[in-house]
Amino acid sequence: MAEITRIFDFPYYQLETYNLEKAFTTKYSGEWKSISSQEYINKANVISRGLLKLGVQPNDKVAVISSTNRTEWNVLDIGVLQVGAQNVPIYPTIAAEDYEYILNHSEAIYCFVSDSEIVKKLNTIKENTKLKNVYTFDDIEGENNWNDVLKLGEDNTNQSEVESRKKAVKPNDLATLIYTSGTTGKPKGVMLSHNNLVSNVLDSEKRVPFDYGKSKSLSFLPVCHVFERMILYLYQYCGVEVYFAESIEAMSDNLKEIKPNVMTAVPRLYEKVYDKIIAKGSDLTGIKKKLFFWAVELGLKYEPYGKNGWWYEKQLKLARKLIFSKWKEGLGGNLDLMVSGSAALQARLTRIFAAAEMPIMEGYGLTETSPVISVNDQRNGGFRIGTVGKIIDNVEVKIAEDGEILVKGPNVMQGYFKDSKKTDEVMTGDYFHTGDIGEICNEGFLKITDRKKEMFKTSGGKYVAPALIENRFKQSRFIEQIMVIGEGEKMPAALIQLNFEFVEEWAKRHNLSFNSKNEIIINDKLITRIQEEIDEANTHFGKWEQIKKFEITPDIWSIDAGHLTPTMKMKRKVIKEIYKDLIEKIYRP
């Protein structure tokens, strides 16, 4: 097998090394349907031939917008890349005007979409773009289907042209434009080459304990997210079967149906899984409930490599047998590894899931670094709670004088598309400025302490790192989202979005009833209870960092309402604008 230097080399490597019967599996109309390594390649070649007949030239841009991860996405990806064109994934949840901006900025000429919801949104702005055509994965009346392109490619007489196009693609050629979901301003088009992504796959592979050719994965994170996309290439390289989750609602069922060995997600999902498990435990009674929470308390003290001593390990063995084994069963029974990226993971989740023998290996990276910079690995002492692991091979990290993490390596992007000014702002020579503040300990573990842009000074001149504080406060079951504010003010304060599901359950237990969310957020008993949570969390911080006041927001923070980015990060500017009256109430009552 020739060396892997371009993204489309992965499927051919998989065919030669593992020849999987089920390379990708998606559920259609209630039935799981798989394609083999060979079918994957065959279909990608059919797409490549079809694209050539549509007149797609090297460096043309083909956009793809899909609400769910699915086999078609991967087939199309390889089909596009093989002809020297570039794949432009777009988050399905962004507004129609953002579709328009990205399609125009990238100069995409074709767009492939998953379903009628996206088609409806896309059709409102399609005329304002350079799109020659839109193709759908689902059968939608009155719309062109991607099968039209497959039909065009059935005639294999131009396969030799596909082969010559493939040969012409060099490792440093542009492979994709990934538009960052940006917490501020217009999205930026991150230019990633074949080598950026290939090197990141090969350098990350040493950190994943797969059973090569036998492991099963559940793919849930949107594949337009660079983290999941790189992981999908990694799965292909390691011969891991990929099953696509239907939706967040169906996750639990999918886990039980597929029984995966590995899955990837953002911290928010792991928080929800944990909250559901705890809610089930709260419904137990008597000795069962006592045992459940004894195991939880034990799990929250977990340290890897037997650091807590033999007595702790003895108790843990019992807790695993009686309680944690049931957690594992509820998540399919075979989940040996979970991977987390995109935002900071609460240390308590790292502890409890590792105690339950389903360790979450937290990693760190950005779209601009393809994405992995560092990742934890349980083997060889490479796992440290509260860190994002050790830096991967061939990537260099240095900490600037102001604490910012700078990164150099083959994974660093080629720049921002059509924006040399913004590119220059984040590059110093070969070093990329991550915008994150961190430190590297003596043993080589990287720790993120905050976002440089998010840190602020109070009027007393004290620096506050909101992400650290927010992560601590979110450990309360009452709090779904929290944003620490206070730039230029005399003290930090917080806007809180309640976990309404839990609050309703709490209210029932305390014989309280509410007719609306507006009634909930002004209830004195609840506010007193939240204050207790705040007081407890405040004990972990210096006086100048403690939350002195808070306001509860009446609505749920969501992607659709603009509070959150598609990767569930808070849009701080937007949230401040939406709740400016509440902020005034805090600081100028």
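## Strands, salt bridges and cavities in a predicted model

Leu218 has Met263 as its bridge partner in β12. This pair is a convenient starting point for a report on the structure, which is a predicted model. The account follows the sheet around this pair, then turns to a second strand pair, to the salt bridges and to the cavities.

### The sheet around β10

Strand β10 is joined to strand β12 (residues 262-265) by 2 bridges, and the two strands run parallel. Strand β10 (residues 216-219) also pairs with strand β11 (residues 241-244), again in the parallel sense, over 4 bridges. Within that pairing, Ser217 has Val242 in β11 as its bridge partner. Between β10 and β11 the chain passes through helix α9 (residues 226-238), and this β-α-β crossover is right-handed.

These strands belong to an open sheet of 9 strands with mixed pairing. Its order is β2-β1-β11-β10-β12-β13-β14-β15-β16. Which strands stand at the edges of this sheet? They are β2 (31-35) and β16 (390-391); each has a single partner strand, so one side of each is left without a neighbour in the sheet.

At the β2 edge, strand β1 (residues 24-28) is joined to β2 by 5 bridges, and the two run antiparallel. One of the residue pairs here is Tyr28 with Glu31, the latter lying in β2. A general point helps when such strands are viewed in the structure: in a regular strand, side chains alternate between the two faces of the sheet.

### Strands β25 and β26

A further pairing involves β25 and β26, which are antiparallel and share 6 bridges. Ile482 has Ile496 in β26 as its bridge partner. Strand β25 is mostly covered, since 7 of its 7 residues are buried.

The loop between β25 (479-485) and β26 (493-498) holds Glu489, while Arg588 lies in the segment after α21 (580-587). The side chains of Glu489 and Arg588 meet in a salt bridge, with an N to O distance of 2.9 Å. This pair links distant parts of the chain, as the two residues are 99 residues apart. Are the two partners buried or partly exposed? Glu489 is buried because its relative accessible area of 18% is under the 20% cut-off. Arg588, at 44%, is partly exposed.

### Salt bridges

Side chains of opposite charge can pair when their charged atoms come close. The structure holds 30 salt bridges. Among them are the Glu489 and Arg588 pair already described and the two others included in the table.

| Salt bridge | N to O distance | Relative accessibility of each partner |
|---|---|---|
| Lys328 and Asp336 | 3.3 Å | Lys328 16%, Asp336 42% |
| Glu489 and Arg588 | 2.9 Å | Glu489 18%, Arg588 44% |
| Lys580 and Glu577 | 2.8 Å | Lys580 45%, Glu577 47% |

In the Lys328 and Asp336 bridge, Lys328 counts as buried, whereas Asp336 is partly exposed. In the bridge between Lys580 and Glu577, Lys580 is partly exposed, and Glu577 also counts as partly exposed. Salt bridges can also be linked together: Lys27, Glu246 and Glu257 form such a network.

### Cavities

How many cavities of 30 Å³ or more does a search of the whole structure find? It finds 2. The largest cavity has a volume of about 50 Å³. Its lining consists of Arg268, Glu271, Asp275, Gln346, Arg348, Lys474, Ser476, Ile479 and Glu480. Helix α11 (267-282) and strand β25 each supply at least two residues of this lining, and α11 gives the most, with 3 residues. Strand β25, described above as mostly covered, thus appears again at the largest cavity. By class, the lining of the largest cavity has 6 charged, 2 polar and 1 nonpolar residues.

The second largest cavity has a volume of about 40 Å³. Val64, Ile65, Ser66, Thr68, Asn69, Trp73, Ile90, Val223 and Cys224 line this cavity. Which classes make up the lining of the second largest cavity? There are 6 nonpolar and 3 polar residues, and no charged residues.

Note on methods
Residues are numbered from 1 along each chain as its sequence is written. This is a predicted model: local features need pLDDT of at least 70, side-chain atom pairs count only at pLDDT 80 or more; totals for chains, interfaces and linings use all residues. Side-chain values use heavy atoms; hydrogens and water are left out. A salt bridge is a side-chain nitrogen of Lys or Arg within 4 Å of a carboxyl oxygen of Asp or Glu. Buried means under 20% relative accessible area, exposed over 50%, partly exposed in between (1.4 Å probe, protein chains only). Two strands pair if DSSP finds at least two bridges between them. On a 1 Å grid over the protein atoms alone, a cavity is a set of points where a 1.4 Å probe fits but cannot get out, and a pocket is an open set with protein on both sides within 12 Å along at least five of seven lines; lining residues have an atom within 4 Å of a point. Grid points are joined across faces, edges and corners, and a volume is the space filled by probe spheres set on the points. Ala, Val, Leu, Ile, Met, Phe, Trp, Tyr, Cys and Pro count as nonpolar, Asp, Glu, Lys and Arg as charged, and the others, Gly among them, as polar. A crossover is right-handed if, with the strands pointing away from the viewer, the path from the first strand over the helix to the second runs clockwise.
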